Amino acid sequence: MSGDVGLPILHRQRLWLYALGGLILLFLIAPSVIIVIMSFSDSTLLQFPPQQWSLRWYQSYFQSLEWRDATIVSVKVAIMTVLVATPLGTMAAYAINRGTLRFNGTINALLTASLIIPVILIGIGTFFLYARIGLNNTLTGLVIAHTVQALPLVVLTVLSGLRSYDMNQERVARSLGAGRIAAFWQVTMPQIRFSIVSGALFAFITSFDEVVVSLFISGGETTTLTRRMFNALRDQIDPTIAAISTCLIVLSILLLSLAQIFGRRH
Amino acid sequence: MSTQSALPNETVADRTLNTRALRADARREELRLLALLSPSLLLVFAIIIVPVGWLFWLSLFDETGALSASNYARFFEQASYVKTFVTTFKVAFIVTGACVLLGYPLAYMLSQLPRRAASICLIFVILPFWTSVLVRTYAWLVILQRKGLINSWLIDLGVISQPLSLANNFSGVVIGMTHILLPFLVLPLYASMKTIDTDCLRAGMNLGAGPVATFRQIFFPLSLPGLASGVVIVFVLCLGFFVTPALMGGGKVIMWAMRMEQTTSLYSNWGAGAALGVVLLAVTLALLGLFQWLLGARATGVWSSR
Amino acid sequence: MILSIAPSALPISMRAIEKRFGSVHVLRDLNLDVEAGEFLTLLGPSGSGKTTLLMILAGFTRANAGSIKVGGDEIIATPPHRRNIGMVFQNYALFPHMNVSHNIAFALKQRGVAAKETAERVEKALEMVKLAGLGERRVDQLSGGQRQRVALARAIVFEPRIVLMDEPLSALDKGLREHMQIELRALHRRLGMTTVYVTHDQREAITMSDRIAVMNAGRIEQLDRPETLYSAPKTQFVAGFIGESNFVPVESRDGSVWYEDRKIRTAAPAPAAGRYLMVVRPETLRLVENGEAADNVNVLSATVGDIIYQGDSFVCYASLRDGRQLTLRDYCRGDVLAKMPAPGQPINLGLDAKDTILVAAEG
């Protein structure tokens, strides 16, 4: 009997299902694993498994000025995006959670629009707009564009935190003499802070991994890591990218585990 | 504060006592909430609504600046555009189909596993979901190219003598996109399968249905809404997908989003590119609208489920 | 009943309160006066508007119109944190990220009370709710009853003018609930703060309140002392909601009250001509043996349906000639139970003229 499902079906009878599911999971995870392993190869040829091990591709990543600059740009933009998107998204989620505004549905749709509208359209449109106001190839332009991409994730994450939070607590705080802002800071905020941190982490990944919009609006000194990778991949398959990819995968694992830990605390 | 005062123990017939003060208070409250929302709404308006609206406007004019439908007429007249649409929909249908074939058994298995095992397996779905599209596309390039993993293994094993062309063509695009979009189908489907009441299944088996009949007559129909939402999301994302076809299509598989990029960047034909965008957005919204109308579910559900 | 009215207790006067949610009219022209130091309960079924009224009083819900004066000051548009009203929620809403002391000290902190005085007042409040020594506990280490006490201490520690409670005992099990009712009542007598209490439990309302406002469909049906509500309900709703009731349709004509063709003796003079319902409480009915009836007793002939023995008391279900059910309840003292006719047998049910209650027939 399977433990918590409790249907009268034996695990043995389901071996085929587990085998199939396992293969599909392998399909999902194998590419990342292969890249991580190959990034430690000594060879310029892409052999698997590698004959000899080395860190030369990591050296070539960290020693290349171009790659380093691009990484710095991406990190800067991601941090600034977090700093802008997190408070804005939290404020918006709080207002939506109240649910008393007349156009709540429309507001919701607007804030989550960037999840639905094809990103290529946003990329071209933003480029077109930025060209007129001189924001192309600037950090500000990138941060604004990434903030719009990250906002819905922050809003949805914080909103789900607020939905499982008991608003009566804020009411009690008000009745005990705390003003709106004091009640939020002293009572609501400490209890939804894990959702806010998760939202911030999602905002970071969203900005750091963003490709399509950056392709249009970043360049020159503000070339992001993803844009440089995209261009490099168009030309040839440079094993340095395997090292960079490994770093990105590790970053994702790190941020996801953090989000997971915070999520559980909540 | 009101200037009208009610005497104690006297019923006030006036049903509009203090309404002015109360309405003003309600308005203040509404303004406060709008103030919380306005920075976000302003950004979305400036970065999404304005540019997209501008592109719509552009799409209505031809190269000479005259109002015309020529940007749209082109889609039917020029064979290259027709080919782009055909390719895009072909990829979208095949990728969506592949995602269903792979995603349904996976989600079903996850939903049947004990909680602990399921959450471990889920990591394998969520991690790729949060790994950069570029990284995953690169991985598939490495695996599928002429001198890539698959080909060198197959040649070493003596299965083939000439390398198969797996990347830089249609099949490469389909494999890469299937891998990238699979979690978008599995996560909502798994979430909906988890909500299926096990008692329903027990009751079914109790009434004499075998495992296969229970699955076909009870579980499968109950999982359809989740499947539908996954299918719609994957299909819609396919239509506007850019990175993977651009890198893995070898310049031979021109999809909708690539066409938009080429038209605007390469040929600077903003009207034509914008018209492509308008139609893409219209198709996307129509599909989502149709889905919402049929199932009444939130199309953005997948994002909250991750 | 002598109340020690604390100097801080203030009367509340609500006038013409209107509340609509969209097209739903939740409160209609509601008027209510709460005396200083009074324990007043809003009693009603769910959807009667009692909780909405409490939320309007606390400032969490905005009325569409009306006036609320506390000691003469208009507060209807005052934000909740300036109302100086203590509030206890159904789920207590304790702050889980603070310990018991910090929960209770919250209001004092907002008012800038010095640390030393805060500590003293928190200690005093803890003693008052019999939780002395538990100040350092985390909220999730407390039992349901203890949480309830912390919520109460938190709501009274800043000596508010008014305390509001929204079904504060409904989450406790029966024994604890009855115990807390008595304790709450004692605490109220000691502190004498004006208290508005919301419940749907009529027994709880009767046990605790100085006065009860019975609410139905956004109006106050009757506002009275518990004894009066029980012995002299003014409407069918109140009679049905408080205590058990049998309703017998009667008619007033020619200066008398009639049940079918039988004249009913009433203590009060017959009301204006028309149809009425006679409210018959089960414990006012008793078995009348043939020929025994006195002048001021109405005798109703019925047939025994079933008799249910309940230990200290018994219940007899009987049907009148028109099929209407009547319930008789009596204690099993002496040979009362032994004298009851067997099921299927005729029975004469006696009802004193002074026990007859007439209410207008609704609908």
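Chain A contains 12 helices and 0 strands. Keep in mind as you look around that this is a predicted model. Following the sequence of chain A, you meet the pattern α-α-α-α-α-α-α-α-α-α-α-α. The C-alpha trace of chain A spans about 70 × 65 × 30 Å along its principal axes. Chain A has 266 residues, and 50% of them count as buried. Among the contacts in chain A with a separation of 6 or more, 73% are between residues 24 or more positions apart.

**A bent helix**

Helix H9 of chain A covers residues 180-209, which makes 30 residues. Its end C-alpha atoms are only 37 Å apart, while a straight helix would reach 44 Å at 1.5 Å a residue. Where does the kink in H9(A) lie? Look at Met189(A), where there is a kink of about 60 degrees, shortly before the proline Pro190(A).

**Where chain A meets chain B**

This contact involves 77 residues from chain A and 71 residues from chain B. On the chain A side, helix H1 (residues 15-38) gives the largest share, with 14 residues. Sorted by class, the side of chain A that touches chain B holds 58 nonpolar, 15 polar and 4 charged residues.

**Domains in chains A and C**

Chains A and C are each listed below with their domains.

| Chain | Domain 1 | Domain 2 |
|---|---|---|
| Chain A | residues 12-57 | residues 63-265 |
| Chain C | residues 12-237 | residues 244-360 |

In chain A, the centres of domain 1 and domain 2, taken over C-alpha atoms, are separated by 30 Å. Here 9 residues of domain 1 of chain A are in contact with 8 residues of domain 2 of chain A. Helix H1(A) turns up again: it supplies the largest share of the domain 1 side, 4 residues. That side of domain 1 of chain A has 5 nonpolar, 4 polar and no charged residues.

In chain C, the C-alpha centres of domain 1 and domain 2 lie 40 Å apart. The contact there joins 5 residues of domain 1 of chain C to 6 residues of domain 2 of chain C. On the domain 1 side of chain C you find 2 nonpolar, 2 polar and 1 charged.

**A strand with two faces**

Now turn to strand S19 of chain C, residues 346-352. Which side chains of S19(C) point to one face and are buried? They are Ile347(C), Leu349(C) and Leu351(C). Pro346(C), Asn348(C), Gly350(C) and Asp352(C) point to the other face and are not buried. In a regular strand, side chains alternate between the two faces of the sheet.

S19(C) also has partners. Strand S15 (residues 286-287) of chain C runs antiparallel to S19(C), and 2 bridges join them. In that pairing, Leu287(C) has Leu349(C) as its bridge partner. Strand S16 (residues 297-309) of chain C pairs with S19(C) over 7 bridges, also in the antiparallel sense. Thr303(C) stands opposite Pro346(C) in S19(C).

**A buried glycine**

Finally, find Gly66(C) in strand S4 (residues 65-70) of chain C. Why does Gly66(C) count as buried? Gly66(C) counts as buried because it has 27 C-beta neighbours inside 10 Å, and the cut-off for a buried residue is 20 or more. Leaving aside neighbours within four places in sequence, Gly66(C) is in contact with residues of chain B, namely Leu17(B) and Asn18(B). Its contacts in chain C include Met14(C), Arg15(C) and Ile76(C). Gln146(C) is 80 residues from Gly66(C) along the chain, and their C-alpha atoms are separated by 37 Å.

Notes: Residues are numbered from 1 along each chain as its sequence is written. Chains are lettered from A and ligands numbered from 1 in the order in which they are written. Two residues are in contact if their C-beta atoms, placed from the backbone, lie within 7 Å. Ala, Val, Leu, Ile, Met, Phe, Trp, Tyr, Cys and Pro count as nonpolar, Asp, Glu, Lys and Arg as charged, and the others, Gly among them, as polar. The expected span of a helix is 1.5 Å times one less than its number of residues. The bend at a residue is the angle between axes fitted to the seven residues ending there and the seven starting there. A residue is buried if 20 or more other C-beta atoms lie within 10 Å of its own, exposed if 12 or fewer, and partly exposed in between; C-beta atoms are placed from the backbone. Two strands pair if DSSP finds at least two bridges between them. Domain bounds come from an automatic or database domain assignment.
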